[in-house]
Amino acid sequence: MYGKAFAPEYQGELSAELGVNSSYEDVLATASRALADAATATDRARAALAVAEANRRLGRVGDARAAWHESYRSARTAGDEGAMAWALWSGGTLARQCGALALARRLLAWSVALAARSGDRIAHGYSLAGLAETGRIQGDYAAVAELHEELLEQGRAHGEARHMVWAMSGIAQMHRNRGDYDRALDLFEESVRIATEADDARGRAWSLRGVADVLSLRGESDRALALLTEAEVVCRSMNLAGALAYNHKMRGNVLYRAGWFEAARVTYGIALAEFSAMHEKRGAALARLGLTKSRARLGRARQETLAELAELERDFTRIGLKAARESVVAFRAELNSVPTASPIRSAA
């Protein structure tokens, strides 16, 4: 059994006013007031952490960076290693969001060490989850598979729904990327169930996106699009800028796989604009790849496509996205296998 989802990043007095489903505009307003009224370094660290997380979720990268730095400095002044770990967790999560994966791993590893030393079990678990997510995004499955399983066991042992959703959806994504769609679908659907029962709207939205992805890969495009529409309602109600952009990117994927290339092109363009607005380099690069592939299917000149693919391959290599780079290589090989006079038209 799992309890209701909670948000340990909202600490001190903020924990009584804010919850896992609080809108991020409300979080920002409440935390900003608390920061202005903070009487101690500990209070400043807690309030600045919430400000950082709200800004990060809203896609305001510069404000998020300034706030987590302030949280860390205040925690260090207070001599509170647990609070320092939370600030570094926020900074590492922001770095991952911005595509700085090497920096993310450094900050999160530092957070793990401080959390362990301070005895803050929840900060330690969140930091480990961040490391696992970063490694999975990079495609380093061998290094993080055991860590995902460890997090899953921790979630079960302590009845923590958010940890269960994070770990289970991460394991599901690895199964999906290896082609085991049945196992991936089972895990994503279980993740949706846990998030729903725990009243974790954000976790539910992310998990629905995973279910939609697998259904699309199995040819169930209409069901996939319906689930993405359901998840989009949650993203908009909570003003989840990043989650909404990834939702649109996934909608582009579903449309592309179904062969609706013009609709996919438009949708990838929306996602790209959203990612660019929040300086989300990883998401922007993935949306650009979808846009490039859609335009190629619609008959774009091959040399223009090849030039863009070369640029994307450099970006994915720099960011450290192994699976995405492999997608570029595979599409270029497909493009080069077709006679020059024959634009690619078939669905992929």
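**Exercise 1. A buried arginine in α11**

Find out how far R209 is from the nearest side chain of opposite charge, and decide whether the two form a salt bridge.

*Solution.* Start with the distance: D213 is the nearest side chain of opposite charge to R209, and it is 6.8 Å away. Next, recall the cut-off: a salt bridge needs a side-chain nitrogen of Lys or Arg within 4 Å of a carboxyl oxygen of Asp or Glu. R209 therefore has no salt bridge, although R209 is buried. Keep in mind that you are working with a predicted model. To place the residue, look at helix α11, residues 201-217, where R209 lies. Finally, list what surrounds R209: beyond its neighbours within four places in sequence, R209 is in contact with L228, Y246, N247 and M250.

**Exercise 2. A second arginine to compare**

Work out which residue offers a backbone oxygen to the side chain of R96.

*Solution.* First locate R96 in helix α5, which covers residues 81-97. Then check for a charged partner: R96 is buried and has no salt bridge, with E133 as the nearest side chain of opposite charge at 4.8 Å. Now turn to the backbone: the oxygen of G130 lies 3.1 Å from a polar atom of the R96 side chain. Both G130 and E133 appear among the contacts of R96 once neighbours within four places in sequence are set aside; the others are L101, A104, L108, T134 and I137.

**Exercise 3. A leucine in α5**

Decide whether L88 is buried or exposed, and find which residues it touches.

*Solution.* Helix α5 also holds L88. Its relative accessible area is 1%. Buried means under 20%, so L88 is buried. Leaving out neighbours within four places in sequence, the contacts of L88 are W68, Y72, L107, W110, S111 and L114. Take W110 as an example: this residue is 22 residues from L88 along the chain, yet their C-alpha atoms are separated by 7.3 Å.

**Exercise 4. Following the salt bridges**

Say how many salt bridges the model has, and trace which parts of the chain some of them link.

*Solution.* The count comes to 23 salt bridges. One of them pairs E230 with R204, with the closest N and O atoms 2.3 Å apart. This pair links distant parts of the chain, since E230 sits in helix α12 (residues 221-237) and R204 in helix α11, 26 residues apart. E230 has a relative accessible area of 33%, so it is partly exposed; R204, at 22%, is partly exposed too.

Continue with R288 and E311, whose closest N and O atoms are 3.3 Å apart. R288 belongs to helix α15 (residues 281-297) and E311 to helix α16 (residues 302-319), so this salt bridge ties together parts 23 residues apart in sequence. Salt bridges that share partners also join D182, R218, E220 and R223 into one network. Within it, R218 and E220 pair with their closest N and O atoms 3.8 Å apart.

**Exercise 5. Mapping a pocket**

Identify which helices each supply at least two residues of the lining of the second largest pocket.

*Solution.* Begin with the space itself, which is about 230 Å³. Then read off the lining: Q11, G12, E13, L14, E17, T30, A34, D37, A38, D43, R46 and A47. Matching residues to helices, you find that α1 (14-17), α2 (24-37) and α3 (41-57) each supply at least two.

Definitions and conventions:
Residues numbered from 1 in each chain as written. Predicted model: local features only at pLDDT ≥ 70, side-chain atom pairs only at ≥ 80, totals over all residues. Heavy atoms only, no water. Helix = DSSP H or I, 4+ residues; strand = E, 2+ residues; numbered from the N terminus. Buried < 20%, exposed > 50% of the residue type's maximum accessible area, 1.4 Å probe, protein only. Lys, Arg positive; Asp, Glu negative; His and termini not counted. Polar contact = N/O pair within 3.5 Å; in protein donor to acceptor, adjacent residues only side chain to side chain. Contact = heavy atoms within 4.5 Å. 1 Å grid on protein atoms, 1.4 Å probe; cavity = no way out; pocket = protein on both sides within 12 Å on 5 of 7 lines; lining within 4 Å. Points joined across faces, edges and corners; volume = space filled by probe spheres on them.
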